[in-house]
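Colleague: I would like a close look at a single part of this model. Please keep it simple enough for a first-year student.

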Amino acid sequence: MLNKNDPNAGEAQRPSEHLSEDELLPQKNKITRRQFLKVSGAAATLIGAGFVLQACEPASLNVPYAPPAQLEYDAIPDAPMEPLPAGYDFFTSQEAKIVEAITSRIFPGTPDDPGALEAGVPFYIDKILSWYKGKVQYTYTEGPFAKTYEGDQPPGPDTEHIVYVKKAEISRYGFQDSIDLKEIYHNGLKQVEDYAKQKFGASFAYLTTEQQDTILKEMQFGKTKFEKPSDKEFFNILHEHTVEGMFADPSYGGNRDMVGWKLVGYPGAQRAYTPADLHDEGPGRPPQDIMMLHSFHPGQKANPNVIVPPSGSEELPQPNK
Amino acid sequence: MMTKLKKVDVVTVGAGWTASVMAQKLTEAGYHVLSLEQGPVRWTNPDFKHNHDPLRYHVRHAMMVDLSKETWTWRPDPKSPTLPMRQYGSFNPGQGMGGSAIHWSGMLWRYLQTDYNYRTHHIERYGASKLPEGNRIQDWPVTYEELEPYYDQMEYDLGASGQAGNLNGVKIEGGNIFEAPRSRPYPLPPLEVTTPSIIYAKACKELGYHPFPQPAGITSRAYVDRFGNMRSGCLYCGFCTRYGCEVDAKAMPINTHIPPALKTGRYEIRPYSKVTRINLGPDGLATGVTYIDENGQEQEQPADVVMLTAFTFTNVRLLLLSRSQIHPNGVGNDRGLVGKNYTYQHWHSVSIGMFDSRKFNLFAGNTSTQNVIFDFQSDVFDHKDLDFIGGGMIFATPGEWDPLSNVTSFPKTLQPKVPPTDEKPKDDEEKLPWGQEWKDYLKAHWNGLADIELQGESLPYDDQYLDLDPVYKGADGQPLLRLTFDWHDNDKKMYAYIAGKIDEIMKQMGPTEYKTTKELDSYNIHKYQSTHPTGGAIMGSDPGNSVTNKYGQVWDTPNVFITGAALYPQNAGVNPTGNLLALCYMAGDAIRDKYFKNQNKLLST
């Protein structure tokens, strides 16, 4: 997404170590803006053209996090979101447009009511695919592989490479594809695009939301002829990745500014809760991500309300209040 | 090229719960124990200090077995095709020092007295025809009374938290009045429970049931055990099951039995060592094991005693893979009983309620911060006029919620109202919610939802078993273990009945709206249900009906012992960990005190 009017365009780039504590802390009535910057040749060019380039590299762990002196759990107001970054590492521009469109239907949003696009879900998916080796699930990839059939009889006996399974039964076995995630996305997005042009005469990203929903619904219920990946499989993966991109820790590239967590009221990576916290139905704590989770040791205060009991003590110390 | 290593008294497969218990007992008495662990070494400090990351640990299963190297194949019945579980999955077997006992939930139970004589009890009460068709239900060769002192010691070693319900026959209100009698209270008071758990307990009482707090192997206060391990009280941090506990509140082998075993100087844990078979001599006794070391090289580890202390599936697979002239079908398998009596565990979120304008904070706590009723457990209730046997525990509502793993499971499965299809969803993909309505629902209600769950018994059948897959192999080049398993009629009827009771309780809790799943779906291998696969190498009264005696000693090969849930003739309606630890304590004492005086002979039972 482009935003030529962004006031940050052209601003000097600073490595994250030089961010002040002020800029790292979530402050009352202000959404933190963190600018983790990846400066590369391409980035410099884009910045020159008026784009804002943001990567999501985590802050240095050496920057200390000090909890505010007084914990106040005020309600966090809505605020306009920053524009999305333009730098995809894996998707082509056209693929990125389709992914943005699809994830915006699965989890719609606006700047006032952030959804997949504002949270950076397409960016999250892009990162899994470009950091492929470290970021996806354990998968057993040996053959033979499943091939579905309709009707009562399989087309032939199982072979060294194929196990025949009734189409109505295949979903009981979970993921069974023989191709890897990168191919799934490339092939899947191409099939979505071809189907959109065939059915509605235009690229998927330029259809109305109703038309887009129609196509997604057909995929979800297995009504198209997609193969490798099948429509249901691709819909399932897109849905899964949208949920991950909305609710995983922001260090993975999605859930920017913890908007997914704020939506549902999840406080993120907290260290501890007291029994009173379990039953407190007040506004609750502001969310924090894993980079804000400071280290602690037995005997230390995890936060002003919770003291980690020293190992081996006879009784629990009382928290200061 | 295999090199032969220095012999040890006992070699164990894996360094998990039962390996560590055996190691502690045997090293204390002067024996040398070696644990060959396929995964890495890890300790609370520093490995669990910064692990509050659900994507990594919950969704990507960072502590579990890497399926690209080893997985399990499955078919619902002998006539259906078999495929491997390519991604997680119905269960989460662990790896690494401490095994699955690092990422377990901590729920800790004692079995009922009637769990142990399940077959005799049911036939006496209802007649033999009441047992479901094709079943392989069998009595255990051990009683609750025999195990009670071991349960007791185990609970004190783990720093268990709970409220006693039956103290030497005296029933105590607020505890589990249906539990088997215990000689001492729990060492620590029960954990805190969540707000919906309190609403649930009130509703249960109003309906005449008997709620009590979940007992757990998680300290509710700072605690020092008899080995000198110092553990902090639970922080209710919300990152418990699937994570290591960073304050040692949750009992794990690394904060209970491994430290004292290591202190003796007679215990070694060798990481990155994957055992591939049990080696046998010409007389049919075990001589040790073969394993693949961290460089991929095969090694032969000699030992006087071989203990299969790994996960259920791993133990059964090793028995089947270890063939020799004297035992051509594998260790313990001369009568074809290895793999039989495979059972699993019911674990379902049955009813979900939405409580408008409440904030339940279920992201805090852990999966034991809940209340439970046993009023529909096992044969606690009269089945005379019912068309099934068995039951389970009904509980609500555990904490540790995180949106990554649960936003798709709510009452309003909203689909955009778009043509071409208004069909009812047939499978989990078709039930996925998406769109603006779903998002609005999450925003308004995520923190005000609560569910009631069922954990139930699983009975053994002739067409439910484990064997070696004829087609698929693991990274070790050997056949994977194949599961043949599906729910049977008895399961479906039991579920439907209890779902009806759960529906009433949810209604009594007074939600704004709620939805109960009234029927049990067929089993599938891809949705997480429970890491309690049991059976496959069961204990029994004689070699005609089992693989081992009550000490887990293999009838055919007396210097091989099996521990853990592979020994279970059928699975009860609670987490299996408490029982397998008590059995391991009993077996460990017998091996320590009697076996070595008369090696290679069956212990008298």
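What follows is one request and one connected answer.

Colleague: Take helix α5 of chain A and the helix it packs against. At what angle do they pack, and which residues meet? Then follow the salt bridges outward into chain B.

Modeller: Keep in mind that this is a predicted model. Start with the chain that holds the helix. Chain A has 11 helices and four strands. Of its 321 residues, 49% are buried. Its accessible surface is about 15400 Å², and carbon and sulfur atoms account for 52% of that. Now look at contacts in chain A between residues at least 6 apart in sequence. Of these, 56% join residues at least 24 apart.

Now the helix itself. Helix α5 of chain A covers residues 121-130. Nine of its 10 residues are buried, so the rest of the structure largely encloses α5(A). The buried residues are A:Val121, A:Pro122, A:Phe123, A:Tyr124, A:Ile125, A:Asp126, A:Lys127, A:Ile128 and A:Leu129. Buried means under 20% relative accessible area.

Its partner is helix α9 of chain A, residues 231-247. The two axes are 8 Å apart, and the helices pack at an angle of about 110°. That makes α5(A) roughly perpendicular to α9(A). Angles of 65 to 115 degrees count as roughly perpendicular.

Which residues make the contact? From α5(A) come A:Val121, A:Tyr124, A:Ile125 and A:Ile128. From α9(A) come A:His241, A:Thr242, A:Glu244, A:Gly245 and A:Met246. Here is a general point that helps in reading such a list. An α-helix has 3.6 residues a turn, so residues three or four places apart point the same way.

Pick out A:Glu244 from that contact. A:Glu244 also forms a salt bridge with B:Arg60. The closest N and O atoms of this pair are 2.9 Å apart. The pair crosses between chains: A:Glu244 sits in helix α9 of chain A, while B:Arg60 sits in the loop between α3 (54-59) and β4 (72-75) of chain B. Are these two residues buried or exposed? Both A:Glu244 and B:Arg60 are buried.

That bridge leads into chain B. Over all chains, the count of salt bridges comes to 41. Another one joins B:Glu148 and B:Arg110, again with the closest N and O atoms 2.9 Å apart. B:Glu148 lies in helix α7 of chain B, and B:Arg110 in the loop between α4 (100-103) and α5 (113-116) of chain B, so the pair ties together parts 38 residues apart in sequence. B:Glu148 is buried, with a relative accessible area of 13%. B:Arg110 is buried as well, at 8% relative accessibility.

Next comes a bridge between two loops of chain B. B:Lys431 pairs with B:Asp521, and their closest N and O atoms are 3.6 Å apart. B:Lys431 is in the loop between α11 (403-406) and α12 (436-445) of chain B, and B:Asp521 is in the loop between β21 (513-516) and β22 (560-562) of chain B, so this pair ties together parts 90 residues apart in sequence. B:Lys431 is partly exposed, with a relative accessible area of 30%. B:Asp521 is partly exposed too, at 46%. Some bridges share partners: they join B:Arg110, B:Glu148, B:Glu155, B:Glu179 and B:Arg182 into one network.

Helix α7 of chain B, residues 144-158, also packs against a helix. Its partner is helix α14 of chain B, residues 577-593. The angle is about 110°, and the axes are 8 Å apart. α7(B) and α14(B) are therefore roughly perpendicular to each other. Among the residues in contact are B:Leu147, B:Tyr150 and B:Met154 of α7(B), and B:Leu581, B:Tyr585 and B:Met586 of α14(B).

Two more places in chain B are worth a look. B:Asn406 lies in helix α11 of chain B. At 11% relative accessibility, B:Asn406 is buried. Leaving aside residues up to four places away in sequence, B:Asn406 touches B:Trp401 and B:Trp446. The other place is at the surface. B:Val41, B:Trp43 and B:Leu262 make a nonpolar surface patch of about 220 Å². B:Trp43 is in the loop between β3 (33-36) and α2 (44-47) of chain B. B:Trp43 counts as partly exposed, at 31% relative accessibility.

Methods:
Residues are numbered from 1 along each chain as its sequence is written. Chains are lettered from A and ligands numbered from 1 in the order in which they are written. This is a predicted model: local features need pLDDT of at least 70, side-chain atom pairs count only at pLDDT 80 or more; totals for chains, interfaces and linings use all residues. Side-chain values use heavy atoms; hydrogens and water are left out. Patches are made of residues with over 30% relative accessible area and no salt bridge: like charges are joined within 9 Å, nonpolar side chains (Val, Leu, Ile, Met, Phe, Trp, Tyr) within 5 Å. Accessible areas come from the Shrake-Rupley method with a 1.4 Å probe; for residues, only the protein chains shown count as cover. A salt bridge is a side-chain nitrogen of Lys or Arg within 4 Å of a carboxyl oxygen of Asp or Glu. Buried means under 20% relative accessible area, exposed over 50%, partly exposed in between (1.4 Å probe, protein chains only). Axes are lines fitted to C-alpha atoms, for helices over the stretch in contact, and angles run from 0 to 180 degrees between N-to-C directions. Angles under 35 degrees count as roughly parallel, over 145 as roughly antiparallel, 65 to 115 as roughly perpendicular and the rest as oblique. Contact means heavy atoms within 4.5 Å.
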